[in-house]
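Visitor: I am new to this structure and would like a close look at a single part of it. Please take me through the sheets and the contacts around them.

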Amino acid sequence: MDWILSQMKITADIITAIAWPGAIVFIVLYFRKNLNRILGNLNFQLENGLNVKWKDFEFKGVSIFADSKGQNDYYTVVEADQVLFQKRTEAYARHKNLMLVHRAKRTDKTHAGSGLDIYELSVYLIGHKSYGKINDVKSVEYYFGQHFGIKEYPYGYKYIIENGSEGFAVKITAYGPTLCEARIKYHDGREATLNRYLDFEGTGYQFNAATNHFDSQKLREHL
């Protein structure tokens, strides 16, 4: 009886030893896409100088800050000129202290025509500190370029937002970065135009040459 029990224990140990590596291989293969995405995002954050913490471990990115009087290999500190100061001050006044910002996140979808990953972009206005007043705005017209609506119109279309509850926000999807022009119309009749380059910062995005090829193909087909 003892011999049988001993053999059963040996058999169980063998099965356990075989099962664990098999389970690990299955988990790695099953979640490979998500793991690659996580590792890609981790590498992106480290390359851009961000610190990443996990339990008791902290991975530090490359810092651009120097220990001596603000100078290092990345920039040189010199005296600013009056023209830059005035242009900056005028920009605040011209836009009534309202700024155009955006957020980007990767989705789990791909573009039907190009096969490229699709990203979700939210674009909206925020007030500079306590100076900018969203209530001064009547509407915002957003334009993202002719690729947005080129099938209907040669220059694409624009999005007109009149609801200021979320900073006159608009949400779109895109497979590549683009420049946004925002025409702000104020209640007092004034207008101002802000622009912002909508990149995919923090999403792990890497440029794919197929983006330009697909854009060129769309232009040839619809212009």
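Guide: What follows begins with the whole chain, then takes the two sheets in turn, and ends with the core and the loops beside it.

The model is a predicted one. The chain contains 4 helices and 9 strands. Read from the N terminus, the order of elements is α-α-β-β-α-β-β-β-β-β-β-β-α. Of its 223 residues, 26% count as buried. The accessible surface is about 16500 Å², and carbon and sulfur atoms make up 56% of that area. Among contacts with a separation of 6 or more, 58% are between residues 24 or more positions apart.

One open sheet is built from 3 strands, in the order E3-E4-E7, with antiparallel pairing. Its edge strands are E3 and E7, the latter covering residues 170–174, and each of these pairs on one side only. On average, neighbouring strands of this sheet are turned by 20° against each other, direction ignored. As a general point, strands of a sheet pair through backbone hydrogen bonds, in either a parallel or an antiparallel way.

Within this sheet, E3 and E4 are joined by 10 bridges in the antiparallel sense. One position to look at is Arg 106, which stands opposite Tyr 119 in E4. Side chains also meet here: Lys 105 and Glu 120 form a salt bridge, with 3.6 Å from N to O. Lys 105 belongs to strand E3 and Glu 120 to strand E4 (residues 117–127), so this pair ties together parts that are 15 residues apart in sequence. Lys 105 is partly exposed, at a relative accessible area of 47%.

The other open sheet to look at has 4 strands, ordered E6-E5-E8-E9, and the pairing is again antiparallel. E6 and E9 are its edge strands, each pairing on one side only. Here, too, neighbouring strands are turned by 20° against each other on average, direction ignored.

E5 and E6 pair in the antiparallel sense over 4 bridges. Tyr 142 has Tyr 159 in E6 as its bridge partner. A salt bridge is found between the side chains of Lys 158 and Glu 141, at 3.0 Å from N to O. This pair links distant parts of the chain, with Lys 158 in strand E6 (residues 158–161) and Glu 141 in strand E5 (residues 137–143), 17 residues apart. The two residues can be compared by their accessibility: Lys 158 is partly exposed, at 42%, whereas Glu 141 is buried, with a relative accessible area of 8%. The cut-off used for buried is under 20% relative accessible area. Both residues belong to a network of salt bridges that links Glu 141, Lys 158, Arg 183 and Lys 185.

Next comes the nonpolar core. The largest one has 25 residues, and the members that touch the most others are Leu 100, Val 123, Leu 125, Val 137, Tyr 142 and Phe 144. E3, E4, E5, E7, E8 and E9 are the elements that give two or more residues to this core. Leu 125 can serve as an example of the contacts. Leaving out residues up to four places away in sequence, Leu 125 touches Met 99, Leu 100, Ile 134, Val 137, Val 140, Tyr 142, Gly 167, Phe 168, Ile 184 and Leu 194.

The last stop is a pair of loops. His 95 is found in the loop between helix H3 (82–94) and strand E3 (98–110). His 95 is buried, with a relative accessible area of 9%. Apart from residues up to four places away in sequence, the contacts of His 95 are Tyr 186, Ala 192, Thr 193 and Leu 194.

Lys 96 is also buried, at 17% relative accessibility. The structure has 7 salt bridges, and one of them joins the side chains of Asp 188 and Lys 96, at 2.5 Å from N to O. Asp 188 sits in the loop between strand E8 (178–186) and strand E9 (191–198), while Lys 96 sits in the loop between H3 and E3, so the pair ties together parts that are 92 residues apart in sequence. Asp 188, unlike the buried Lys 96, is partly exposed, with a relative accessible area of 48%.

Definitions and conventions:
Residues numbered from 1 in each chain as written. Predicted model: local features only at pLDDT ≥ 70, side-chain atom pairs only at ≥ 80, totals over all residues. Heavy atoms only, no water. Buried < 20%, exposed > 50% of the residue type's maximum accessible area, 1.4 Å probe, protein only. Contact = heavy atoms within 4.5 Å. Salt bridge = Lys/Arg side-chain N within 4 Å of Asp/Glu carboxyl O. Pairing = 2+ DSSP bridges. Axes fitted to C-alpha atoms, helices over the stretch in contact; angles between N-to-C directions. Core = buried A, V, L, I, M, F, W, Y, C linked by side-chain atoms within 4.5 Å. Areas by Shrake-Rupley, 256 points an atom, 1.4 Å probe, with all protein chains shown as cover.
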